[in-house]
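Let's walk through the charged pairs, the packing, the sulfur link and a stretch of sheet in this one. Have the coordinates open as you read.

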Amino acid sequence: MIIIYTMAFNAEKTILRAIKSVQNQTEQNWRWYLLDNGSCDGTGALIQRCAEADSRIIPLANQDNCVFHGTHFLDIMYHCEKRDWFCLLDADDEYKPNFLADMLTFAERERLDVAACGSDFIDEATGNIFGQRILPDDLIISGKEDFDRFLPLYHQFMRSNWGKLYSGQIIPRFNMEHMAGASIYGGDTLYSQEMLWESERFGIRAGTLHRYYTGPKSISTQWNPLRSEADRILYRSACSFLIDKCGSVSPRNRDFLQCVYSNAVADTVNVIQNSGLSPAEKLREYHAIAAHPITLAAYRECGGEDAERSRARLLMGALRAGAALSGREDADLRAAAQTLLPRCGPAVTAASAGMFLKDRALSLALLRDDAGALLEKLLERMEKNRDVKQYPIPETIRALAADNPSLCQIDDPAFLRAYGSVYRKVWQGRRLDALDEMAGLLMEDRGDGGRETLLTLFVSLAALENQVPAFLFGKIQQAELYLRQGRREECRAILSDLAEMGVEGEELDALHRELDQ
């Protein structure tokens, strides 16, 4: 006997499709347990009507909606005979007419504990196939070498519990403890994996015999507070599965599972982004994902482009949520950005998020965590006076230079606009070149715009490079500037410092005379 189980919730628009596909099977030796899982539409009435017309359909009902591993499910599964086969069908999916016959023949011929087949993925709205889970040839997996070698081929078939036959031989060994922590999202993967955990021989039939329908209300597209944790549970469980089956997780398989996890994070980010969560709530989720050790290891170690695409999607999701904060508390945005982008992360705030989203060149430099390229783009905006009223570009530049002692305090718009060349040289570590350029600019005496910051930087670099003449020149220039600006006490303090150093000269005498007037 083939035992089929379906849990239906508010499925009145799709369940007749599933029922028809089972009744049209070429293999008719089946019994089907159809559960109305607390529906509030006409699902229960449809199940009752079909059960009255076909005695092989056993109607069941839950008063309230519950997860799939409820009492009915376990009772049915554990009462399967060893010669029976057990399978699950979603209430909105369908089998091709030869699913049961072909799969049963395949499973018995190959002496399988679990048999799987390919699936067509169908857009519920259009009825069009938009993808397939398929192998071109049959695959039989038996022994630790096969479970290790073929993981990239069979793993996709572990991610769902539908499209499979499970032997009654392995059901008594089913271990609910391996499913601890399962949420509504990801529970079917843990179930399928647990069945494989207990199997000795696993086979995948070539081609597709099952149709999976997806729409905007599919569980995989709905936000669940446990979703991010489910992604991590699935990753850890897959690693435990390989350790049990193969003795270890090979570097190749570790890389593969990290890529799978990275893609799962990208999907979760999409769900969070399209959810009804507030921007602050979204940022809390993004921060928690970014800071988790599994995510950090995956992004650091995973080969290929999957991890990089996932990291980019996570960061862009955080930027969108941050831009929507309207300047409110952005601690989670800052923390997530600094975790994902060690060099450029400090430049990301709620105030600057919109700027990165608006400009592709900026976002690309940010995503590459290329602080030099990002700085160049920001300085160009300052020099062209572009976006400076809309976004805090000077503050963003200062944050980017947080680890540079000479630049970390500079956010003077006039200086950045007028002396970008000097800033670039200091950023690049060319401090003597910067001193030479600044000396020329100071001697030209081209006005006061940004000049005070220029002098402060000049004096600081001269001291760092032990350039005594330049240092003294800069201090005198500072004193003259303060005097012109009426900041007499600050001028007097500089002159006092120079006197203590034993510095004398006509310029200093002239400054003293002006101060005494």
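A salt bridge here is a side-chain nitrogen of Lys or Arg within 4 Å of a carboxyl oxygen of Asp or Glu. Before using it, note that this is a predicted model, where local features need pLDDT of at least 70 and side-chain atom pairs count only at pLDDT 80 or more, while totals for chains, interfaces and linings use all residues. Residues are numbered from 1 along each chain as its sequence is written, and side-chain values use heavy atoms, with hydrogens and water left out.

**Charged pairs**

Side chains of opposite charge can pair when their charged atoms come close. The salt-bridge rule gives a count of 29. Here are three of these pairs, with the N to O distance for each.

| Acid | Base | N to O distance |
|---|---|---|
| Asp102 | Arg205 | 2.8 Å |
| Asp330 | Arg334 | 2.9 Å |
| Glu452 | Arg487 | 2.9 Å |

Asp102 and Arg205 form a salt bridge at 2.8 Å. Asp102 sits in helix H4 (residues 99-109) and Arg205 in strand S10 (residues 201-214), so their pairing ties together parts 103 residues apart in sequence. Helices (H or I, at least four residues) and strands (E, at least two) are DSSP runs, numbered from the N terminus. Asp102 and Arg205 also belong to a network of salt bridges that links them with Arg109, Glu110 and Asp138.

How exposed are the other two pairs? Buried means under 20% relative accessible area, exposed over 50%, and partly exposed in between (1.4 Å probe, protein chains only). Asp330 is buried at 9%, whereas its partner Arg334 is partly exposed at 35%. Glu452, at 29%, is partly exposed, and Arg487 is partly exposed too, at 22%.

The salt bridge of Glu452 and Arg487 has its closest N and O atoms 2.9 Å apart. Glu452 is in helix H21 (residues 451-464) and Arg487 in the loop between helix H22 (468-484) and helix H23 (488-500), so this pair connects parts 35 residues apart in sequence.

**Nonpolar packing**

A nonpolar core is a set of buried Ala, Val, Leu, Ile, Met, Phe, Trp, Tyr and Cys residues joined through side-chain atoms within 4.5 Å. The largest one has 111 residues, and those with the most contacts inside it are Phe86, Tyr154, Phe202, Leu374 and Tyr423. A second, separate core holds 32 residues, including Ile19, Ile57, Tyr95 and Leu112.

**Sulfur atoms**

A disulfide is a covalent bond between the sulfur atoms of two cysteines; here the cut-off is a pair of cysteine sulfur atoms within 2.5 Å. The count is one disulfide: Cys259 and Cys302, with sulfurs 2.4 Å apart. The link of Cys259 and Cys302 is right-handed, with 100 degrees about the S-S bond. Cys259 lies in helix H9 (residues 251-273) and Cys302 in the loop between helix H11 (293-301) and helix H12 (306-323), 43 residues apart. Both cysteines of the pair are buried.

Cys117 is in no disulfide, and the nearest cysteine sulfur, that of Cys87, is 10 Å away.

**Around strand S2**

Strand S2 (residues 30-37) has seven of its eight residues buried, so the rest of the structure largely encloses it. Two strands pair if DSSP finds at least two bridges between them. S2 pairs in the parallel sense with strand S1 (residues 2-8) over seven bridges, and with strand S3 (residues 57-62), also parallel, over six bridges. On the S1 side, Ala8 stands opposite Asp36; on the S3 side, Asn37 has Asn62 as its bridge partner.
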